[in-house]
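Here's a quick tour for anyone meeting this structure for the first time. Have a look at the sequence and the 3D view, then read on.

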Amino acid sequence: MNVHAPALAEAHRFDEQTSIFADDVIEHLSQHPKRLSPKYFYDAAGSELFEQITRLPEYYPTRTELDILRDRGGAISAIIPSGSALVEFGAGATTKVRLLLQQCAFGAYVPVDISGDFLQAQAEALRHDFPALDVYPVAADFTAPFLLPEAIAAMPKVGFFPGSTLGNFEPQEARAFLRSARDILGRGAQMVIGVDLEKDERVLYEAYNDKAGITARFNLNVLQRINRELGGNFDLSAFTHRAIYNGDHHRIEMHLISRKAQSVRVLGRSFAFRAGESIHTENSYKYSLERFTALARGSGWTPRETWTDSAGMFSVHALQASD
Ligand code: AVJ
């Protein structure tokens, strides 16, 4: 707990979300090595840059998962009871969920995300395009326990967690998230989850170091956000994007490297950087089918079906809550 938060929030009259952001930034930049949470990539500019990333030739996860959801829609709908409630953890763009909503007869859709306004806008669009579907947006941090809408209490529950966002969690956090999701969804629930797979290191390297430099802008944008929302004075040109594959941990690591010795101020606090010093901004874990199956089994889920693309680049799993 950062003892400065109350004073910081008071001094800067932050809303609750910004005060948590301020707290995390001060705490994480005070650590050695320095780090920042990847959840702070997604302000409006960051969400737009991520949409651009999903359209890059090097970034295969999004289009590969879409192909699997499209090609396997029939098999997925075959295991989902009609009239189920679909609960999406961390609902962003609705491209993927629309594919499921078109192929399966869901009774309700519950998008869960921290960004309330974005959520409401997406919900309105879905209500327009799926008039028979009840949409209940829930503004909440999906990594923490939250209550499902009373209206879906009697419906079978199906969780949806696409895009390999699970890969951002450390292994123990991934287990905790899957357990929490199981508890939130309840007995007999199912989960459809997208998981990026281990593969040739060069393919991974290129997916996070695209030629157009969009991923670099996405990474640097978190410094821009700190400047804008927390009055920081980061000089973005004094930091370099670096994404590497760490084979020991089966993960892509994203870093921002200080190009020189410098000092940066955020909320009246000064942070010194050596030349070459890193801010670790994201891990993106890559799984083997075996390691993901073991993780699911160890988190209260029983793997029911696994679908991959023909090149084995990405996987979609249907899990059943273990009794
Ligand atoms: C949204 C977390 C799945 O890790 O591949 C894309 C985010 N980071 N390019 C990923 C991301 C750099 C993405 N996830």
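The protein chain has 11 helices and 14 strands, and what you're looking at is a predicted model. Its 323 residues would give a radius of gyration near 20 Å if they formed a compact globule, and the 20 Å found for the chain agrees with that.

**Overall build**
- Taken along the principal axes, the C-alpha atoms of the protein chain fill a box of roughly 60 × 45 × 35 Å.
- Take the contacts between residues at least 6 apart in sequence: 68% of them join residues at least 24 apart.
- Of the 323 residues, 54% count as buried.

**Surface and charge**
- The accessible surface of the protein chain comes to about 14500 Å², and carbon and sulfur atoms account for 52% of it.
- The chain carries 33 positive and 40 negative charges, and the mean positions of these two sets are 3 Å apart.

**The nonpolar cores**
- The largest nonpolar core holds 39 residues, and the ones that touch the most other members are Leu223, Leu230, Phe234, Phe239, Val266 and Ile279.
- Several helices supply at least two residues each to this core, namely α2 (16–29), α3 (44–53), α9 (201–207) and α10 (214–230).
- Strands do so too: β8 (239–246), β9 (251–258), β10 (262–266) and β11 (269–273) each supply at least two residues.
- The element that gives the most to this core is α10, with 7 residues.
- Leaving out residues up to four places away in sequence, Phe234 touches Leu29, Leu223, Ile226, Asn227, Phe239, Val264, Val266, Phe273 and Ile279.
- Apart from this core lies another one, of 33 residues, with Val138, Ala140, Phe142 and Ile152 among them.

**A closer look at Ala272**
- You'll find Ala272 in strand β11, one of the strands that supply the largest core.
- Is Ala272 buried or exposed? Ala272 is exposed, because its relative accessible area is 55% and the cut-off for that label is over 50%.
- Ala272 touches Lys34, Gln262, Ser263 and Glu277, again leaving out residues up to four places away in sequence.
- Ser30 sits 242 residues away from Ala272 along the chain, yet their C-alpha atoms are separated by 9.7 Å.

Terms used. Residues are numbered from 1 along each chain as its sequence is written. This is a predicted model: local features need pLDDT of at least 70, side-chain atom pairs count only at pLDDT 80 or more; totals for chains, interfaces and linings use all residues. Side-chain values use heavy atoms; hydrogens and water are left out. Helices (H or I, at least four residues) and strands (E, at least two) are DSSP runs, numbered from the N terminus. The radius of gyration is taken over C-alpha atoms; the globule rule is 2.2 Å times the number of residues to the power 0.38. Buried means under 20% relative accessible area, exposed over 50%, partly exposed in between (1.4 Å probe, protein chains only). Contact means heavy atoms within 4.5 Å. Accessible areas come from the Shrake-Rupley method with a 1.4 Å probe; for residues, only the protein chains shown count as cover. Lys and Arg count as positive and Asp and Glu as negative; His and the chain ends are not counted. The place of a charge is taken as NZ of Lys, CZ of Arg, CG of Asp or CD of Glu. A nonpolar core is a set of buried Ala, Val, Leu, Ile, Met, Phe, Trp, Tyr and Cys residues joined through side-chain atoms within 4.5 Å.
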